[in-house]
Structures are given as structure tokens and as C-alpha cells.
Amino acid sequence: MLPTLLLLTLGQSTEPVDDRLEKARDLVHELANRAARTPSELEVTRAEGDRPHLDYAREVWCVELKKSTAVPSGRYRVQCDDGRQLCFAAPDRVLRDGVETEEELQRTAPCGTLPPSQLEKLSATHRFVEAVAEAPDGWYRDDQGRIIQVNFDLHRRVYFGGAWAPSFRPGAARDLSLGSMDLGRGRADFGIELELANDAGRELHRLHILEGSAFIGSRDTRLMATAIRYDWSSRRLAAPVWITTFVGRPRRLDLDVNLAGWFEAVRFELISDQGFLTLASANASIDLWHSRDLQSYLRVRAGPAGEFDLQTRSVSLRPEAALEADFTLDRDGFHHLTGAVTGEKLFFDQALAGRRKSPERFKARLGYELILLAINDYPLTLVVDGRAQWRDDLPGVTPGWDFGVDAGLRFSFWAPARRSATQVFNRTRG
Amino acid sequence: MLAALTTAVLAAASAVGAELPEPCWQHAANGARFRTCFDPGRGLELSAGGSARSLNPALDLGLGLRLRGARDSRSKAGTTWLLQHRLLGADARWSKAERHLTLTAYEGLARRHVDEGFLLLPTTPPIRLPFPLDLGLYGRAARYERRVEDGLGWSFETARLAMLFDPLRSATGRFHLGFGPTLAHQLRHDGLTLHHELTPLTALQLVINAESEDGRWVFRCAGQAGWTFDPAAFTRGGTLRARGELQLERVLLAVNDHPLSVQLHASGAWRDAGALAQSEWSAGGALKVQLFAHR
């Protein structure tokens, strides 16, 4: 056996004969030693270049190999590649300064035990190389074995935040010099966002619970809070709407509209001392575009709402229409662009001194949210918003535009990895 | 042997049946199928349109639930009851000058169709004479009408019942041509006084219903004319009142197999409209969606 190997090694190389002889001798010794080793004597060699990562989706074995200075317990998580005759061995504890500590690895896959006989067989045929333990989708494990979340779903979170929110209201006759600027205004936010997808990923249900913003520190305090909002998007296999014409020969026309729904209950808006309570809204919505995972969308929606006017103690009909967008700009969910243009008009409202009948509201908002850092894997985001509003429903207030720019921070709990997240083996992100 | 033969014949018959095209369905080029037949006598009706009442234009809205059925008589062989109902009807008319609301709890028709109609005279021996008419019943219950421009007045028809004779004798519920005497009671409040009006078989009721086989064309006509009496002053004689309406519908398209039709209608009343028992006419058109009008 050995002479055969020696001959093969010598015959297949172009190096000088002495070198080849030396290498062949080393190889023969290594193979002979491997065959003789027990698992506890099996040495884990250093990886060339970056350490490979164990694959979370494949089976992992927990074994004891040769104790070393770096891994005194000799306990490793092992995954083998029979094709390359390699076994990746990752320390089963977190390292500090390259030395194993007592801290356990977090978010590892369950590991099985490998019978000693099988490990002995592997030791004869496979080389054991230092590796990094596996990490679930959307998480990254560094060389020390510590785990960090690198992919965030900001559509599933509980958030709160604050922002500096100056506002500007142009003066009469569009004379900017007569306008008023309020630089001392701040905004506080709170909200719970949930998203539920079906198994096939063809339906996405969104829930927003107790979302609200309060603008404080200026002449007119503003509050906008919604008890619950629900909407959904779906990716259908067949056209949801078809029209059959019966003029001439009957024909069917398929309309591939992404028809869905949008509902809201108990929305309260306070502007100074004027309060408006939306009892319920029901809108039909059409996704003009949505991403394959349905998280990003551009849609229009329209429908009726019932609004209770706290001043007149009367209920009005409020048709509303909106164009809304929510884009997650990158794979890992770090950049978000949102926007909305909304129009509302009241009907059957009771007369109120200083306000015309059937008043209107028009609102526009464009926002950007960026994950700056994560504290204990909870993201801290930078939020920048631009807002514009026109309304004539405030008694005694001259109808007109007002603008606002908000810049602040938002802290989010939960924010798990996105459903589209994959395993991160090499982290090249800066 | 016989059993095997019967099984084979039944299997062949079911195979032939499976290959028969469904008469009310067609297939688009992409293979998707769609309905081409509807049942105008079934489903939830929603209509919106406009009409002119004595040259005053107004917006009309309508709502109602239609049901239809047919049932073979258990006691009389060769007899079928053809049933047609309209429940919870609501019709509104709105303009700057007019605000009308009409609510009807029930309106329906039941026609007894026999394969071979006859009259049996109880002579000895009995004489059997051909009778060329189907018999039927028309009923309406709880019809409330309120017109805001009439002040505080309103009218409420408690019940109307008519026995109908149908010379058409159609075997399907798509065609009815019924006429006959009617019995009715109505309350009319002119804002000051409540009046009872009784029609003791002194009026004639007419009901016509005709539909194309695919249900895309519908013609309806209903009317009554005759004398009503005040029960408290019966001897003063009756008042001639008449009312009638015509409807023509054509299904233009269907959305998700729910038909949308255009409707032309005309109606007239002689001393019978509203709480003040006025005379009037109106004509207009509407678009009507009939949800679940499936056969």
C-alpha cells in the first residue's frame, strides 16, 4: 500500500525529486498516523485564510477531539464534507482572545452525537479544519463564536422614538416673509407592527396596533393615534376580477389587479383643542406594484369612513383616497423609503361656526428610515420625514398649507430577521 | 348478466353525460371559464340610476333580494308550483325637491301549472271540460311609502292578494301572464288624518314576466286598477285608482360572473301616488348589479 502511494505521489508531481520524496514521506506518515489515531487524539488544523462556517441547514455533530490550548475542553461542533474529505470543527464555546471561555454559543442548531466508531472512520479519511459554528438565517457568527443579527424586519417590531420636528406655515398671499416658523417642536412615536405571511408566501397580512405620534412643544399640540389598522397584499395565481361582455359574442376579459383591503378602527386626531375621531374606515386597495415577498409596495386605496366630530357630537361620512408606498431598499432591511398622499372630505357634517360645510384635508408624507446600529440585536434607526398638510376643517383657522420636517431616532424591539433572509457565511458589509 | 349489462349502460350514459358541454359556461382563450347564463329571478339586486317624475329629474337607488323556485305537487300528479319572491325591497328617490323612500317587506307570485288543465263538472256521469288557464296567487305585504315633500304623510299597504289566471301556461317560471281580481288593505295618512282603504275584489291585478332563456333579457310589467273604498263610508262609493310599471332589462356585462344590466323603466299612477294619492308618471334608466344570480 505505502509503496504504491509513494510511487503515485512521485509520478504525479513536477517538483524536484528530493522535494517530492520529502512530501511523499510526510503524506505517508500523516496517513499512517491518522489511521492509528483515536478521536481524542485527533488534531484540528488551522484553516488557510478565513475560517469556514458550518452550515445551519445541515446536520451538526457534537464531538470531543484533541484538547488544545485554544480549546482546552476539546469540545467541537463538526460537520463533514465527504466529497472534499474535510471535516469542519467549530469550538462549542465562545472564544475570547482566541481561547475558549465557558460562555455557550447562542442560536446554534441542535447537534447530534456521533458514534466513536464512525468518528474513528472519519479520522482515517478526513482532515479536521478549524471553523466557525453555524448561524441561522439573517445572523452572522464572528470568529470568536459571538452571534449578531445582520438582517432586520422592521415590519415586525414594537418601536418608540423621538424626533426634532420643526414646522413652517407660509403666510397669507403666499408671502413667505409673513409665514411662521416653529423650531422648538418635537415628536414622540410609538407603535406595534405585525406581519403574518401564509406558508406559500402569497399572502401578507399587516397589522398596526396602537400607532401614534405626538407633536409637542409648540403653540398647537398635535396628536395622531390609531387603535388598529389592518391591510393585506396577495400574489394571486389567477385574475381576481374578470369581466364578461355580452354585446356580441360573450367574451371574458381578465383584470390582473392586485385587489386587496385596508381597514382602520378608532383613529384619533387632536389639533390644539379640536378633536376628530374616526370610528372605522374600509378601503379597497390595489397594489400597483409589489415585491415578490410583498413587503414593498406601491398602492392606491379608496373607501368610506365614519368620523365622529367631538365638537358637534355628530357622525360624518368621510370618503378618503390615498396613494401609498413602502419600499425596503436592500436585502437586509437596513434602508426603508415610505410615502403617502392622502385626501379626505367630510360629508353630512353638522354646521360649525367658523368652518365651512364639507371640509377637506390633504396630507403628504415622505420618509426614510435607516438602521444605524443595533443594541442587543435591537435596531436603532435614523428617521427623517417630510410632511405637508392642507385642511379647512379647523374652526377659525384660515385654510392653508403647513409643512414639517422631522429628524430623529427610533428604537425597535423584536425586529426579527426578514423572511427572505439567508445564511451569512462571509460578511462583506462594512 | 342483466346486472352487468345495466352497469355497462349506466357507465356509458354517465360517460356521455360527462362529455356534454355545460350550457351556461364558455371558455376563454386562456382556458378560464365564465358564465353566460343568469337567473334574473335570483340574487341580491342593487341598482342606481335616474328618472324624471313629471319632468323633475332625480337619482334613484334600489335594493332587493329575489328568490325563485319550482316544486312538483306531492298530492296532485302533473302539477308544478312555480314560485317567485322579492324580499326586503328598498327604493329611494333623491333630488333637491324630492325625497322618497319605499320599503316592501314581501312581494311574490305562485303559479300552479298543470300539464293538462280541466274543469270537472259534478254531474252523473262527471263532465270533464278543458280549462286553458293556469291559476296563481299574487301577494304583497307591508309596503311603506314616505315622501318628504308630502309633509308628515305616509302610506302603508298592509296586504294585497290577487288570484291570477294565466293563459300562457308556460311550464317554466320564466314566463308569467297573470290577471285577476285583487283584495287589498291600505292605510294612508295625509299628515292630519289616517284613512283606511279597502279593495274588496274590485280591482284588477296584472303581472307579466318574460325572460330570455339565457336570462340576459328581462321584461316585467305589473299593475292594478280598480275601486277602493273607505270602510267607514262605504256607501259613498269607491274611488278609482290605478298604478302600473314597466321594466326592460338587458345584461351588458358581468363582473366575476355577477351580471350588470341596464334597466329602462316607466311607471304611472292615477290617484294613487304617495300619501296624498296623487297622479303622476315617471320614466328613467338605471344600472343594476345582481349578485349571486347564478343558475
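I began with B:Cys24, which comes out buried at 12% relative accessibility (buried means under 20% relative accessible area, exposed over 50%, partly exposed in between, with a 1.4 Å probe and protein chains only). Its partner B:Cys37 is buried too, at 8%.

A note on the source: this is a predicted model, where local features need pLDDT of at least 70, side-chain atom pairs count only at pLDDT 80 or more, and totals for chains, interfaces and linings use all residues. Residues are numbered from 1 along each chain as its sequence is written, chains are lettered from A and ligands numbered from 1 in the order in which they are written, and side-chain values use heavy atoms, with hydrogens and water left out.

Next I looked up the bond: B:Cys24 and B:Cys37 form a disulfide with S to S 2.5 Å (a disulfide is a pair of cysteine sulfur atoms within 2.5 Å). The torsion about this S-S bond is about -95°, so the B:Cys24 and B:Cys37 link is left-handed.

Then I turned to chain A. A:Cys62 pairs with A:Cys111, sulfur atoms 1.9 Å apart. I found A:Cys62 in strand β1 (residues 60-64) and A:Cys111 in strand β6 (residues 111-113), so the disulfide ties together parts 49 residues apart in sequence (strands are DSSP runs of E, at least two residues, and helices H or I, at least four, numbered from the N terminus). A:Cys62 is partly exposed at 22%, and so is A:Cys111 at 32%.

I also checked A:Cys80 and A:Cys87, joined at S to S 2.0 Å. A:Cys80 is buried at 13%, and A:Cys87 is buried at 0%.

My tally: three disulfides over all chains.
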